[in-house]
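Colleague: I am new to this one. Can we go through some of its labels and ask what stands behind each?

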Amino acid sequence: MNNDLFTSMPVRKAYMKLAVPVVLSMVVTLIYNMVDTFFIAHTNNAALVAGVALCSPIFTLMIAVGDILGLGGSSVISRQFGMQKYDDGKKLSAFCFYGAIAEGLVIAALLFAFRTPVLNLLGADSTTLPHAKQYYSFLLLGAPAIILTFTPSNILRTEGLAKESMFGTVLGAVINMILDPVFIFGLQMGAAGAAIATVIGYICSDLFFIRVLLKKSKRLSSSISDVRVSRQKISEILAIGLPASITNLMQSICVALTNRTLLPYGTNHIAAMGIVMKVSMIAMLILVGFAYGAQPLIGYNYGSGDRKRLKAVLGFGYRFEIILALVFTAVLSVAAKPILGVFMNDTDIVRLGVPMLRLQQAGMAFMSVVLITTCAFQAAGKALGAFLLSVSRQGVIFALVLVIASHVFGYYGILASQAVSDLLTAGLALILYRRYM
């Protein structure tokens, strides 16, 4: 383990050394998401595109569940390493590894049992249901592999193995991209083919991460014999992991609420929003990468008690994120039409998508403030602050804004709801930061 990276390396260099591999892995994942959307959209079947889009909350739910032990575990492990408690960190890593597999099995069983009511809740109708059911079913078969990925990809960074975390994520995404056209077009499997390619990609990532844990890691473990963790430590993991999970769960709810609100306007509106949200993820996940990539650095310095270095890390994070967010907002607003045109050769869907994209990411600078603050709370073990922000931006605040805006301003009120929610949640983040940090 390279302690210099966490203790003495210049803040900017240490921040980027940990964050850039995370961002690069997310960029590759984003490229995959774009390619995946590209292939699905080029079936020129709006019902298939909408059916897959309606299932995106299920995939986000899996990420949310993976983050319980992934982000929660990495937060506690990084603080243990900061306090030089390396044996505790090793046991925690093994617990998180096998706990993630158990989570995946439970989620798969529950969602299979309630498949029809869940798909109805997501807004599937007679047109989109056949495609949504195919994607949903095959995605659930791979739930344990998908959910497991987010544990080693996070905890490896607590030992400074950010590049290895990146390589594992990139491997899965590349395999996914290669298999997409094979299954969707070559084998003519449509939505089911897209889901199968996704699952195989995640399985390959898991196998790579297991190899790293066995061969390269010195402080972490995937051995079942190391799974000896006290209830207190499990509580600490859940205290951070559950709010982190809620952030992604709220994103699922946000997507589902938006789709259901757009349902009266027709299938093309849902298809357009599905593509817009994929494009918005390009900027959003890069910002998430730069925010959460530095979480081990924040957690280590909080655990070691180095408050001066902690403040320097957070100060740099806020400045960098806000500037980057403003750049993304400008680029996506100006180039909205040609960007959307890449994904689907349908003038009506592109026409609908342009104002959607511009309004969807208008509050990105405010979102960046929320991201850094939430990351700081998670890394420092400030569970209440992390929880309040997690249930706000795409949860309670968003739902309230969506209901009010849709009734007062109609269609464009729906499109502007996320930006307004970002602004209000950023204000809450600053208030909580002054109180807890």
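Modeller: Start with a cut-off. Buried means under 20% relative accessible area, exposed means over 50%, and partly exposed lies in between. Keep in mind that this is a predicted model.

Colleague: Why is Ser205 called buried?

Modeller: Ser205 has 3% relative accessibility. The cut-off for buried is under 20%. So Ser205 counts as buried.

Colleague: Where is Ser205 found, and what is Ser205 in contact with?

Modeller: Ser205 is found in helix 11, residues 190-215. Neighbours within four places in sequence are left aside; beyond them, Ser205 is in contact with Thr149, Gly168, Thr169 and Gly172.

Colleague: What about Cys204: why is Cys204 called partly exposed?

Modeller: The relative accessible area of Cys204 is 22%. Partly exposed runs between the 20% and 50% limits. Cys204 is therefore partly exposed.

Colleague: And Cys375, buried or exposed?

Modeller: Cys375 is at 1% relative accessibility. Buried needs under 20%, so Cys375 counts as buried.

Colleague: How do you know that Cys375 is in no disulfide?

Modeller: A disulfide is a covalent bond between the sulfur atoms of two cysteines. The rule here asks for two cysteine sulfur atoms within 2.5 Å. For Cys375 the nearest cysteine sulfur is that of Cys96, 17 Å away. Cys375 is in no disulfide. By this rule the count is zero disulfides.

Colleague: What makes Gln84 stand out in its phi?

Modeller: Most residues other than glycine have a negative phi. Gln84 is not a glycine, yet its phi is positive, about 65 degrees. Gln84 is found in the loop between helix 4 (56-82) and helix 5 (86-113).

Colleague: Why is Gln84 called partly exposed?

Modeller: Gln84 has 46% relative accessibility. Exposed would need over 50%, and buried under 20%. So Gln84 counts as partly exposed.

Colleague: Now the empty space. How many cavities of 30 Å³ or more does a search of the whole structure find?

Modeller: Three. The second largest cavity holds about 50 Å³ of space. Its lining includes Thr258, Met273, Phe398 and Ile414. Helix 13 (267-292), helix 20 (392-409) and helix 21 (411-436) each give two or more residues to that lining. The largest share, four residues, comes from helix 21.

Colleague: How does the lining of the second largest cavity divide into nonpolar, polar and charged?

Modeller: Six residues are nonpolar, four are polar and none is charged. Met273 is one of the lining residues, and Met counts as nonpolar. Thr258 is another lining residue; Thr falls among the polar ones.

Key: Residues numbered from 1 in each chain as written. Predicted model: local features only at pLDDT ≥ 70, side-chain atom pairs only at ≥ 80, totals over all residues. Heavy atoms only, no water. Buried < 20%, exposed > 50% of the residue type's maximum accessible area, 1.4 Å probe, protein only. Contact = heavy atoms within 4.5 Å. 1 Å grid on protein atoms, 1.4 Å probe; cavity = no way out; pocket = protein on both sides within 12 Å on 5 of 7 lines; lining within 4 Å. Points joined across faces, edges and corners; volume = space filled by probe spheres on them.
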